[in-house]
Amino acid sequence: MSLFKQLEAEGLGFSYEERDIFTNLTFSIQKNQSLLLLGPSGSGKSTLAFCLNKLYPEAVDGILNGSLLFEGKNLDDFNQGELNQKIGIVFQDPESQFCMLTVEEEVAFGLENFNVPRIEMEAKIEAALAMVGLHDEKKSTIHTLSGGQKQKLALACVLALEPEVIILDEPTANLDPQSSTELAETIARLKKERPFTLIVIEHKLDDWVEIIDRCLVLDSNGMILFDGSPRQCFGEFAPFLQKEGIWLPKVVNAGIAAKNAGFYKGERLPLRHHELLAGLENSVAFSIKNNITVSLGEPILEVNGLYARGHLKNINLRIHKGEMTAVVGANGSGKTTLSKCVSGLLPLTQGQIHFLGMPLSKWKEKELFKHLGYVFQNPEHQFITDCVHEEIGFGLEDQAAIPAILEKMGLEKEAAAHPFSLSQGQKRRLSVATMLVHEQDLLILDEPTFGQDANTAHEIMEVLNEKEGSVFMITHDMELVDQYADTVHVLDKGELIFSGTPESLWGNLEIIQQARLKLPFRKRLQNDLVRREIHVAT
Amino acid sequence: MLAKWKLREVIVLSVLAVVFAVVYLLFLQLGTVLFAMFGLIGYDLIFGIWFIVSIIAAYIIRKPGAAFLSETIAAMVEVMIGNAVGPRLIISGMIQGLGAEAVFAATKWKNYSTWVLMAAGMGSSVFSFAWGFYVSGFAALSPGYVTAMFFVRLASGALLAGLLGKYLSEGLAKTGALNSFPLGKEHKRNVTV
Amino acid sequence: MSLHEVNPSIKAFTVVVSILILSVFFDPITPLVTILWSVTVTFLFGRVSFKKWLLLFTPFLFIAVIYVWSTMLFPRLQVGDHIIWQWGILTVTAEGFQRGLSLGLRVLSFATLSIMFTLTTKPTDFLLSLMQQCKLPPKLAYGIMAGYRFLPLIREEFLTLKNAHRVRGVAGARTIPEKIQQLKRYVIPLLAGAIRKAERTALAMESKGFTGAKNRIFYREITVSRIDWIFLFLMIGAVILSAFISWKLGYLQFYNGEL
Ligand SMILES: Nc1ncnc2c1ncn2[C@@H]1O[C@H](COP(=O)(O)OP(=O)(O)OP(=O)(O)O)[C@@H](O)[C@H]1O
Ligand SMILES: Nc1ncnc2c1ncn2[C@@H]1O[C@H](COP(=O)(O)OP(=O)(O)OP(=O)(O)O)[C@@H](O)[C@H]1O
Ligand SMILES: [Mg+2]
Ligand SMILES: [Mg+2]
């Protein structure tokens, strides 16, 4: 790898209307390096990403100070568009990065901008779509794609342009477990085929550890906390990261846990799976999960023979009192659609839903939503006021409670901000908070923890766990399912192919394959350990 | 002219145009009803609404051409989504836009006071009426009636386009959606001061 | 050949020119013949569903009818007008009737031509063609396209907002006045949302390297072929022919503002 500095930041700072997001960042990125950009939610990662390819400050009325060089040349000396071909970026918000009607046109648009000969376009488009597995959607209109499918398309658009630097802003936030892994693998493969500099912003690190060779960590005040090798970052530095509430690779977490429990004998914290295995002496310790099998109350919601949007087929399920239900499945499998039907936001084409003993259709709207809460997959769909404070206070009896909630969700600083001007993770928290402050019998959440750092994710799940009513939660995070869910429903191509306890799901590998899920870390480790025991025994 | 425009402004302009193209189409139905009730003059009662986007766009973006372009694009989109008046409507749109643009031009695109906005609405009224007089053959009607139509449309332009447009734009500024546009900045200044 | 394949720009140009020619004359026959012709073409070469066509056409029929009677009821009486029918202040003259008829048919002739265009042209094709044939600046064209992308969304945006309000415990509107109230509550947020999304779209386009540069290679090429020119001349020829017929029948009048 050449050590030539491709991107150089010197005393870089950025501020939206008299508020500093980050200040005095000095770092440089070498050509073909793979950099992981870490930091708590709201620390300025996305903002930095936008500054790196000159989209900011033009696009917003923010002020950028300090100097930023690309290949030794000041960004301002590049003329418009020139830089975008060299530095491709995938936005964090999948909804907001398209400008054409159909998938095909969208990919073509980028190619047209750089005057790719027409004869080559077709092939490039095909290839890019194939890489992310969107081949079948080539002709479909973008706004009918599911959240995850949109994120894949965004990536395809960038890949088609073959830039020298690729910035990925939480590319897997809305992807199903297997897609996330595949995406990381795709990136790794592409890097082998055609080297490029990679900057990844991620909260879920496990798939990336193998790829990255450098970590840059921002703290909550937008200053550099760490800049160096992953080994060091997740080794001696791990405690600091934890303190900032930054996710660690699960292997590292496990390592720390084991060390503290005193049965990890490796001299330094593990970073790779095999290192952990090597370091562990007592293997059973991890297998135990203190899961109290809760006796379920009576059903509060019953779905019978539900068909909807020509996609969901014959869904039957129950939600019981006080139950924590998780819904999992591949991108586009129909989770969001289902949740909307269940909450009466989408009409059914067939079937009935009973909520608290009464048909959903019979409910008075105002009444219904006193008893049933809903958190949209797209946070912005939740917002109806012009500032964070009002948003939480809306329809809340005791306004005095607001500051506490803001505190809990780490939004104190943003109280006066407009909901739309928040960071993605902050938006997510706000939208969840608007529902958490009320007491419902059933709370439905569509991917409540995506884009969250360790602390905030933990906060959200704790609150959900303590909640009186039942919770119906869509998620792609198998760890959450494993830790919190009493029941898990698996959707596949609009059909409900499994309902049961997480434990029984982990036992059923065909289902897990079919629905593009993954075993939670705990389970994988357990299996490996068992395998090792056998190995040792024989 | 477009060279001076930021892409951001062009798109916001066209989005406004699209949104109002839909509104325009809806009002066409209402117009037809009024038409049925009061005859031709029924249209003129609400004619101002069909100029509103040029007022809003100009008031928000404050660049030469905003009024003209927005109205033109709105007309184009209306045709695309099936206003059967068809391509001719695009010409009408251009002419209406020019009417408003002319007024803003007279202030060198500097002054956006209520009066100017209302005057711009009236400008569209005048231009559009002249055009209508030609293509729709108002001449076949009695002079008195035509004069009545003219003044009704003038008032409608001032109120439904000028005033309503101002009102909507400022509502928008309050939401903070315009913070990176002149109107939004102006609004923030007024709030902070 | 099919109308759908005719180059959109040329199609639009044809329609505009035909309409401009038509608006030079002022008599019942010229528009009548043109109507018959354009309707025939629309259905022979357009493969358009009659229902769709009727949907767009009826409003104009309605307008035309009202034109006829409002011109009949408020005529400019001239010496030598033959009064057909009189009742109180209402006077219907033969000339007034003919004027009304001319005006009505005039509207319908414009309509049929335009509907022919609307029903046989894909909006994106139209824009692409405007860029490729008429050299419309890409900045503007793609701006419009980006805006046009919102059309299907506007309805969704509205539903989304509606759902948000429902979920947050603001009762949905049932009665008409409630609905008007709701509309007021929605218009501003809808616009605000649209504008924010517009800004992001701009950001997205710039991130994909869009600069609005004139020289651009298009993925989909909209071409001009001989068919297009044939279409142009046939259509305009037909309009002139209908004027000729009207002249033969001794109806043709120039539209000189009828003063
Ligand atoms: N358009 C904007 N106007 C004003 N403030 C903004 C805007 N966009 C972001 N911010 C603020 O800048 C800060 C950093 O935002 P940014 O999106 O960079 O955070 P982030 O590190 O990407 O967080 P996350 O991990 O949740 O995406 C946040 O506090 C946010 O409120
Ligand atoms: N508005 C819509 N109109 C038509 N089809 C839609 C619409 N929204 C989603 N779909 C289709 O319905 C299917 C299910 O979409 P849905 O959003 O429920 O998937 P999902 O399971 O939530 O996926 P993800 O995990 O990516 O959010 C997808 O194939 C999608 O293309
Ligand atoms: Mg971010
Ligand atoms: Mg979903």
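**Notebook: the B–C contact and a magnesium site**

I started with where chain B meets chain C: 56 residues from chain B and 59 residues from chain C take part in the contact. Worth jotting down straight away: this is a predicted model.

Next I looked up the buried area. Between chain B and chain C it comes to about 5000 Å², and carbon and sulfur atoms give 79% of that.

Then I went after the charged pairs. The rule finds 1 salt bridge across this interface. Its partners are Arg8(B) and Glu199(C), with the closest N and O atoms 3.4 Å apart. I also noted 5 residue pairs in polar contact between chain B and chain C, both residues at pLDDT 80 or more.

Which elements of chain B give two or more residues to the side that touches chain C? I got α1 (7–38), α4 (66–80), α5 (87–106), α6 (114–135) and α7 (143–175). The most comes from α1(B), with 15 residues. Sorting the residues on that side of chain B, I have 42 nonpolar, 12 polar and 2 charged.

Last stop, chain A. I checked what holds the magnesium ion (ligand 3): Ser46(A) through OG and Gln92(A) through OE1 coordinate it, at 1.9 to 2.0 Å. These two link distant parts of the chain, being 46 residues apart. Ser46(A) lies in helix α1 (residues 45–52) of chain A, while Gln92(A) is in the loop between β6 (87–90) and α3 (103–113).

Is Gln92(A) buried or exposed? I put it down as buried, because its relative accessibility is 11% and the cut-off for buried is under 20%.

Key:
Residues numbered from 1 in each chain as written. Chains lettered and ligands numbered in written order. Predicted model: local features only at pLDDT ≥ 70, side-chain atom pairs only at ≥ 80, totals over all residues. Heavy atoms only, no water. Contact = heavy atoms within 4.5 Å. Buried area = accessible area lost by both parts, 1.4 Å probe. Salt bridge = Lys/Arg side-chain N within 4 Å of Asp/Glu carboxyl O. Polar contact = N/O pair within 3.5 Å; in protein donor to acceptor, adjacent residues only side chain to side chain. Helix = DSSP H or I, 4+ residues; strand = E, 2+ residues; numbered from the N terminus. Nonpolar A, V, L, I, M, F, W, Y, C, P; charged D, E, K, R; others polar. Donors = N, O, S within 2.8 Å, 3.2 Å for Na, K, Ca; no water. Buried < 20%, exposed > 50% of the residue type's maximum accessible area, 1.4 Å probe, protein only.
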